[in-house]
2 protein chains.
Amino acid sequence: MNASPRRKELTRLAAQLFVQEGFDRTTVRMLAQEMGIKSGSLFHHFKDKQEILAAVIEEGTQNALHIARQTLERSTPSPEDRLRAMARAHLETLFTDRNAHVVALFEWRRLDAESRAHLSHLRDAYEALWVDVIDEALEADLIHGDRFLVSRFVLGALNWTVRWYDPSGPRSPDDLADELVAMIMPQSR
Amino acid sequence: MNASPRRKELTRLAAQLFVQEGFDRTTVRMLAQEMGIKSGSLFHHFKDKQEILAAVIEEGTQNALHIARQTLERSTPSPEDRLRAMARAHLETLFTDRNAHVVALFEWRRLDAESRAHLSHLRDAYEALWVDVIDEALEADLIHGDRFLVSRFVLGALNWTVRWYDPSGPRSPDDLADELVAMIMPQSR
DNA sequence: GTCTATAAAGGGATAGAC
DNA sequence: GTCTATCCCTTTATAGAC
């Protein structure tokens, strides 16, 4: 994909608006204003509004995937550490310059069929990393249950933080991640 | 609130469409068609589109609250049983012909400030039931951690099921609830 | 309580000049 | 690459007849 610095910057601004207003309520005029251009000029950079959403979601998922892979490379082999590191990385992509990953999670259904088909591979790759880490914890007998169910419950708990967690409050995202891991892995206390 | 049987039925139909399409993409024409009337007639029943959303969300939250209270009344005093029962009840309101609760969770931010202020008390009452049940489990030493964090993680995991769980699949909502409880309460296996 | 007709506003997108 | 101007369509909501 074309990822000129300019386009990346525009995508970043779009992500911010999509989080604030939601995709459907964000107009091309609002996007253009945020980018400091007129609405007509926007279509020089993107074919249509859908393409902006796809660009944001691709960016958000690539970023989450990249950070997760880096995290796993750098982690110790301890399944407990790896799980904690993945949870921290997930919240980091949600709350530290958060916007694109949030859009990827909460505006997924607004994608047209074509983009969804293309991007679902990326999302699957991200989820696969999680299932691997959960698997390691299962094999080490640190947790119990179905690998897919556990993965989805954990990701659900993490994703839902977007609805209630205030990152400017007293608790850090890392604290949050650690508390979640402790919840499903009580012997780690 | 005016809750004639007719209005309740229209609200139910609206909830279904809001789940399928999202509030923003559901037009008054779609709503009217689903209700078997013309779009102009819709405004005899509701002041505007916002009021339809507020009605759906009120219905959904009242329903969840009602079922949760009933569940707790009928439950044994065992903290483990009560937690499991609450999780089952939550998924029941999400997946058993009860679109309104899904709308309440996922379209909350589309409410105008006035409705949000009014309805947030209802939502708080529902969450308070959860915090109580979590508290009982904490006191019984069945789980550990911060009462609010644990409540929100559990609710997040449950709410997120809407994104991936297929109720027509082999697993029942009750199975799901039990698996989640087992995840945070391993000694219950 | 429902209809038809339509007002008023705002939406995405395009054309062509610069 | 950006502008102005504008097309064309859909949206929510209203008015008044039945």
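The legends below describe close-up views of a predicted model. In this predicted model, local features need pLDDT of at least 70 and side-chain atom pairs count only at pLDDT 80 or more, while totals for chains, interfaces and linings use all residues. Residues are numbered from 1 along each chain as its sequence is written, chains are lettered from A and ligands numbered from 1 in the order in which they are written, and side-chain values use heavy atoms, with hydrogens and water left out.

**View 1. The protein surface near DNA strand D.** Around DNA strand D are 15 residues (a residue is near a strand if one of its heavy atoms lies within 4 Å of it). Arg6(A), Lys38(A), His45(A), Thr27(B) and Arg29(B) come nearest. By class, the surface holds three nonpolar, seven polar and five charged residues. Here Ala, Val, Leu, Ile, Met, Phe, Trp, Tyr, Cys and Pro count as nonpolar, Asp, Glu, Lys and Arg as charged, and the others, Gly among them, as polar.

**View 2. Helices facing DNA strand D.** Helix H3 (39-45) of chain A supplies at least two residues of this surface, as do helix H2 (28-35) and helix H3 (39-45) of chain B. Helices are DSSP runs of H or I, at least four residues, numbered from the N terminus. H3(A) gives the largest share, four residues.

**View 3. Polar contacts to DNA strand D.** A polar contact to the strand is a pair of N or O atoms within 3.5 Å. Arg6(A) places a polar side-chain atom 2.7 Å from a phosphate oxygen. For Ser41(A), the distance from a polar side-chain atom to a phosphate oxygen is 3.1 Å. Arg29(B) meets a base oxygen instead, at 3.4 Å. Of the strand atoms within 4 Å of the protein, 60% belong to sugar or phosphate and the rest to bases.

**View 4. Asp141(A), a non-glycine residue with positive phi.** Its phi is about 65°. Asp141(A) sits in the loop between helix H7 (113-139) and helix H8 (147-160) of chain A. Its relative accessible area is 52%, so Asp141(A) is exposed (buried is under 20%, exposed over 50%, partly exposed in between; 1.4 Å probe, protein chains only).

**View 5. Asp97(B), a non-glycine residue with positive phi.** Phi is about 40°. The loop in question joins helix H5 (79-95) and helix H6 (99-106) of chain B. Asp97(B) is exposed because its relative accessible area is 62%.

**View 6. Pro186(A) and Leu142(A).** Pro186(A) lies in the segment after helix H9 (173-184) of chain A. It is partly exposed, because its relative accessibility is 26%. Its C-alpha atom is 8.9 Å from that of Leu142(A), 44 residues apart along the chain.

Technical notes. A polar contact is a pair of N or O atoms within 3.5 Å; within protein, one must be able to donate a hydrogen and the other to accept it, and residues adjacent in sequence count only if both atoms are side-chain atoms.
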